[in-house]
Amino acid sequence: MIKKIYIFLFFALVAQIVTAQIEDEGIFLQNEVPKERVYLHVNSSLLLSGEKLLYKFYCLNSETNKLSELSKTGWVIFVNSDMQQVFKHKLQLQGGQSYSDFFIPSNLPSGAYKILAYTNWMLNADQNYFEQDVYVLNPYQSENKGFTLNDSQPPFPKNITAEKNTPNFNLKLNKTSFSTREQAIITLDGTSKIEGNFSVSVRRKNSLNKPELLNSTNFNELYKNIHWDFSDTLILPEVRGSLITGKVIRSDNQLIKNNLIISFPGQEHQLKIVSTDENGEFNFIIDQPVNKDEVLIQIANNKNDNYSIQLAQRPQPDLSSITFETPEIYEGVKEYILEKSINNQIENAYSATKADRTVFPGNKGYFFEEELEKFNLDDYTRFSEVTQTFVEIIENGRIKRNADGSNSILVRNKNTNGEFILPALLVVDGVVIQDHDKLISFEAERIESIGLLRSKFFFGPEIYQGVVVVKTKDGDFPEAFKDNSIKLQPINTTQNRKKYYNPDYQSENLERIPDYRYQLWWNPTGKFESEKDEFKFYTSDLTGEFEINLQGFTNNGNPISLKKYFKVE
């Protein structure tokens, strides 16, 4: 219900701005649309080459502190002291949450970095983003210019004043001391039920100088002086997904007003047709994850290539006020760094055995999938040519020879009242093909299936007499179908979800696999909803003191920040 209210509110907002029904849209925005802020739970503020920076993204309503239902896209960037972006992650938010990670490569220099997080909507205020200092130490560099070497331990940075947080529960471990490769069990102590969303990191402690990690109870200090301003440029929230805008320009610099076909190779459910305005400008929304970082755009009913596509630059946060301090490292930690770098190399050598499992988004198919008459060609006698395949197998489809020598593919109307006489919409691996001869000359043995939609198809502003859907065996939109009239544009794809590696020494035979994990466990989707809920993980071959760090928010918007320590001996 809340989601529907936000969507309605957004379109009501746009309508009021366009029709000038309000005198001051800035006041309307300030008062009616919820503001947002972001918190990132990061697994560590000091990482060596070969480790992973893990994070959980929480997007919150600034007033209620509850998870925000407004934005559906979040952004995370990692910048160095020269303000260069090391990586930029786009996240699909579900209920205001998402998570991802970044592997610290061996070519990333030592030094001070920052991880920043925001939504588009937050960029209507200056310096309105989450900011966490992170140090990277690269032991493989001959000179670590990013660090200052000291003979003694430097003072630790000051902490941000923590807000009061008195949760009615604490973390409870089945033991306080464990042996190597032993199972540890986390439960709740002091309550029977707590509803909310949490992330849990279990990591070995160290004595290296590093920035203080912000937690869910003190991060609001970052936003205490934020002022929202809509008087200059309005940046709309991404309430249905990632908003892409652009312009179509002819080679003679004349603007084009027409319909555009938007296709994502292998992503049938993302097929769209949008219209340009009188200035050739257009926009569309990516509302589901896509697997490839490219979009194919072409003008409908046009086979010429005398135009170009210019996608608009995304709004960027203002980083002008960011400052960096040179990290310090002292002589006494050389042995620790050497030991850890060796252990990281061993762990990465067994990365295939200990790999995180990527959860790829399922392909939902076309929205007319259930109406397709589908022919799996391996169920029939194969023919070498597509023309023969249509004659012998695709009984309700036909190929028509045109007066100019070209060919068109048509389908038979399932409604006997009137035969279709115009070419069908042809889609191959999720991409519209306007030149039907490309399919006719394609190798039939590389086609897996052909489907027919035998009814009028209202697709955005266009109307087609049926649809022909072709899926190749590789499903990757072969090069044979590409030409200069189809413009390829790079886009940011959302990060795929993962199930992070967690060994099970009771059921898996891992006796001969070394285990030098410093990060024992990472769970970005933790929930405690009953007294029976518990989290399980195994210690590694490393001994020492470890920290359990739980961060998150209850459904009522209360921040929860808990830490617990244990030893492995």
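This section describes the overall make-up of a predicted model of a single chain and then several of its residues in turn.

The chain comprises 569 residues, of which 52% count as buried. Five helices and 34 strands were assigned along the chain. The C-alpha trace spans about 85 × 65 × 55 Å along its principal axes. Of the contacts between residues at least 6 apart in sequence, 74% join residues at least 24 apart. The surface exposed by the chain amounts to about 27500 Å², and carbon and sulfur atoms supply 44% of this area.

Charged side chains were examined next. The chain carries 62 positive and 75 negative side chains, and the centres of these two sets lie 3 Å apart. Side chains of opposite charge can pair when their charged atoms come close. A search of the whole structure identified 21 salt bridges. One of them is formed by the side chains of glutamate 51 and lysine 340, with an N to O distance of 3.3 Å. Glutamate 51 is located in the loop between strand E2 (46–48) and strand E3 (52–61), whereas lysine 340 belongs to helix H3; the pair therefore ties together parts that are 289 residues apart in sequence. Glutamate 51 has a relative accessible area of 7% and is thus buried, the cut-off being under 20%. Lysine 340 is likewise buried, with a relative accessible area of 3%.

Further salt bridges involve residues with other degrees of exposure. Lysine 224 pairs with glutamate 221, the closest N and O atoms being 3.3 Å apart. In this pair, lysine 224 is exposed, with a relative accessible area of 57%, while glutamate 221 is partly exposed at 30%. Another salt bridge links glutamate 443 to arginine 446, with 3.5 Å between the closest N and O atoms. Glutamate 443 is partly exposed, its relative accessible area being 34%, and arginine 446 also counts as partly exposed, at 32%. In addition to these pairs, salt bridges that share partners join Glu51, Arg203 and Lys340 into one network.

Helix H3, which covers residues 334–349, also contains asparagine 343. Asparagine 343 is buried, with a relative accessible area of 6%. When residues up to four places away in sequence are not counted, asparagine 343 touches Tyr516, Tyr518 and Leu542. With tyrosine 518 there is a polar contact between side chains, at 2.9 Å from asparagine 343.

Tyrosine 538 provides a second example of a buried residue, with a relative accessibility of 5%. Tyrosine 538 is part of strand E32, which covers residues 535–538. The C-alpha atoms of tyrosine 538 and alanine 184 are 5.9 Å apart in space, although the two residues are 354 apart in sequence. Leaving aside neighbours within four places in sequence, tyrosine 538 is in contact with residues including Arg181, Glu182 and Gln183. The contacts of tyrosine 538 also include Asn502, Pro503, Asp504, Tyr505 and Gln506, as well as Arg517 and Leu520. With glutamine 183, the contact includes a polar one between the two side chains, at 3.5 Å.

Arginine 181, one of the residues in contact with tyrosine 538, was also examined for its backbone geometry. Most residues other than glycine have a negative phi. In arginine 181, by contrast, phi is positive, near 55 degrees. Arginine 181 lies in the loop between strand E11 (177–178) and strand E12 (183–189), and is partly exposed, with a relative accessible area of 22%. A positive phi, of about 50 degrees, is also found in glutamine 127, which is not a glycine. Glutamine 127 is placed in the loop between strand E7 (111–118) and strand E8 (130–137). At 26% relative accessibility, glutamine 127 counts as partly exposed.

Key. Residues numbered from 1 in each chain as written. Predicted model: local features only at pLDDT ≥ 70, side-chain atom pairs only at ≥ 80, totals over all residues. Heavy atoms only, no water. Helix = DSSP H or I, 4+ residues; strand = E, 2+ residues; numbered from the N terminus. Buried < 20%, exposed > 50% of the residue type's maximum accessible area, 1.4 Å probe, protein only. Polar contact = N/O pair within 3.5 Å; in protein donor to acceptor, adjacent residues only side chain to side chain. Contact = heavy atoms within 4.5 Å. Areas by Shrake-Rupley, 256 points an atom, 1.4 Å probe, with all protein chains shown as cover. Lys, Arg positive; Asp, Glu negative; His and termini not counted. Charge placed at Lys NZ, Arg CZ, Asp CG, Glu CD. Salt bridge = Lys/Arg side-chain N within 4 Å of Asp/Glu carboxyl O.
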